[in-house]
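Reader: I'd like to learn how to read a structure model feature by feature. Could you take me through one, giving the general idea and then the case at hand?

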Amino acid sequence: MEAVLKNVASTTELLSVAALSGEVQRWDKQTLSRAFQWARYCEHLFSRFHNNPAIRMLMEKQLQLTNQSLRAAFAECIEVSFTDLSRCQHLLLVGLLKNPELPISIMKILFDTASPVNTQQSECQDVTGFCSHIIQCKSACKVLSPLADLSAVGADAEVQAAMLMERLDALLSQGSEACRTEHILDSVLRGFEGAAGHFCLVIAAALLTKKNSAAQCASQDFLLDWLQKEQSVLQHMCSALPATLIIDLTKGHLKFRDAYCDLLKKWASDMEYSISEGEWVQPRRNRTVSFNRLTEHFLGLFETCPSLREDVIKELNDLKMSDGDFDVRGLSVWGDLLSAVNT
C-alpha cells in the first residue's frame with residue numbers, strides 16, 4: 001500500500017507540473033505517453049477502491065499532504081481530491097493545454113492522436129487510448145451552440161475544437177504575442193495535411209463553441225482574424241462545409257459573415273464565361289464552385305441575413321453597371337448573378 005500511496009502522490013505532482021511548470025518544454029512523445037499511463041493508473045485505483053472506506057481514507061490523507069506541499073511550490077496549484085482521480089486523464093490534458101510553456105511538438109501529438117486521419121497511432125497507443133476516453137467524456141468538451149448541427153461536425157472535430165479553444169484561451173490570457181499564437185494555428189493546420197476538410201470542421205466547431213467568458217470571446221475573435229488572413233482556409237471552409245454549419249457561422253459571427261460575403265464576390269469576379277459550357281466558370285487552375293453553387297451560396301446568405309440582401313443587391317447592381325449594364329446572358333457575371341438571385 002505504501003507504493004500505491006507514493007504513486008498517487010507522484011501523479012498528483014505530475015498534474016501540477018503539466019499545468020504550471022516550464023518543465024513541459026522538455027517533454028517528448030515518450031514523456032507524454034508515460035504521463036497518460038500514470039493518469040490512467042490513478043483512474044484504475046479510483047475504480048478499484050472508491051467503495052473501500054479504509055483505503056479511500058488513506059488515499060485522501062495522502063492527497064491532503066501532497067496538496068499542501070504543492071501549494072508551497074506552485075501558488076496557483078489546484079488541489080486534487082480523491083474524486084478527481086476518476087478523471088486524471090482529463091485533468092492532465094486540460095492542464096497541458098492551459099500551460100503557456102507547452103511546446104508545439106506536444107500540442108501536435110495531442111491533435112494528431114485525436115485525428116481520425118492519423119496513420120501512426122501505433123507509436124502513441126497510450127495517448128490514443130486517452131483520446132477514445134475523452135470523446136466519450138462530455139465534461140471534457142465545451143458545449144456547442146444549440147444552433148450547430150453536431151452530426152455535421154462529428155465527435156472528433158468537437159473534441160479537437162475544445163482542445164484548440166483551451167490552448168488559445170491560455171495563450172491569449174497570458175498576453176502571448178500574436179505571432180506565437182498564429183504559429184500554433186499554422187502548426188495545427190500543417191498537422192492536418194491531406195485532411196483539410198476535417199481541419200475546417202475543427203475550426204467551425206471552435207467558432208460555434210458557446211462564449212461563456214471574455215477569454216473565449218477573445219479566442220474566437222483571434223480565430224476569425226486569423227481566418228481573414230488565411231484566405232485559402234476560409235475558401236476551403238466555405239466551399240466544403242455543410243450549408244447548415246455555414247448558416248450557423250454567419251448567424252453567430254459578424255466577422256465571418258462579412259468575410260464570407262466578400263469571398264462570394266471574389267469567386268464571382270474570378271469567373272469567365274465559357275462558350276463551350278454555356279456557363280460562368282472559374283479558371284481551371286482554381287475551380288472551387290460552379291455558378292449554380294455560387295448562386296445557392298448567395299441565396300443562403302440572404303435567407304440567413306435578410307438585412308444584408310438590400311446592400312448586396314445594390315453592390316451587385318453597381319458592379320453590373322461598371323461592366324456596361326448588359327442584360328444579355330454571358331456578358332456580365334454580375335448581371336447574370338442578379339438575374340439568378342432575383343428569380
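Author: Gladly, and let's begin with charge pairs. A salt bridge is a side-chain nitrogen of Lys or Arg within 4 Å of a carboxyl oxygen of Asp or Glu. Here the side chains of D327 and K320 form one, at 2.5 Å from N to O. A word on the source: this is a predicted model, where local features need pLDDT of at least 70 and side-chain atom pairs count only at pLDDT 80 or more, while totals for chains, interfaces and linings use all residues. Residues are numbered from 1 along each chain as its sequence is written, and side-chain values use heavy atoms, with hydrogens and water left out.

Reader: Are D327 and K320 buried or exposed?

Author: Buried means under 20% relative accessible area, exposed over 50%, and partly exposed in between, using a 1.4 Å probe and protein chains only. D327 is exposed because its relative accessible area is 67%, whereas K320 has 11% and therefore counts as buried.

Reader: How many salt bridges are there, and which residues do they join into one network?

Author: Side chains of opposite charge can pair when their charged atoms come close. The count here is 15 salt bridges. Through shared partners, D262, K265 and E315 are joined into one network.

Reader: Which parts of the chain does the pair of K229 and E182 link?

Author: Helices are DSSP runs (H or I, at least four residues), numbered from the N terminus. K229 and E182 meet in a salt bridge at 2.7 Å, N to O. This pair links distant parts of the chain, with K229 in helix α11 (residues 214-229) and E182 in helix α9 (residues 178-191), 47 residues apart. K229 is exposed, since its relative accessibility is 58%.
Another salt bridge joins D225 and K255 at 2.9 Å, N to O. D225 lies in helix α11 and K255 in helix α14 (residues 254-269), so the pair ties together parts that are 30 residues apart in sequence. D225 is partly exposed at 32%, and K255 is partly exposed at 33%.

Reader: What about the interior: which residues have the most contacts inside the largest nonpolar core?

Author: A nonpolar core is a set of buried Ala, Val, Leu, Ile, Met, Phe, Trp, Tyr and Cys residues joined through side-chain atoms within 4.5 Å. The largest has 94 residues, and M237 and F256 have the most contacts inside it. Helix α10 (residues 196-207) gives the largest share, 9 residues. Counting contact as heavy atoms within 4.5 Å, and leaving out residues up to four places away in sequence, F256 touches residues including L224, L234, M237 and I246.
Helix α4 (residues 88-98) is also mostly covered, with 9 of its 11 residues buried. Among them are C88, H90, L93 and G95.

Reader: How many disulfides are there?

Author: A disulfide is a pair of cysteine sulfur atoms within 2.5 Å. The count is 0. For C200, the closest cysteine sulfur is that of C238, at 8.7 Å, so it is too far for a bond. C200 is buried, at 2% relative accessibility.

Technical notes
Helices (H or I, at least four residues) and strands (E, at least two) are DSSP runs, numbered from the N terminus.
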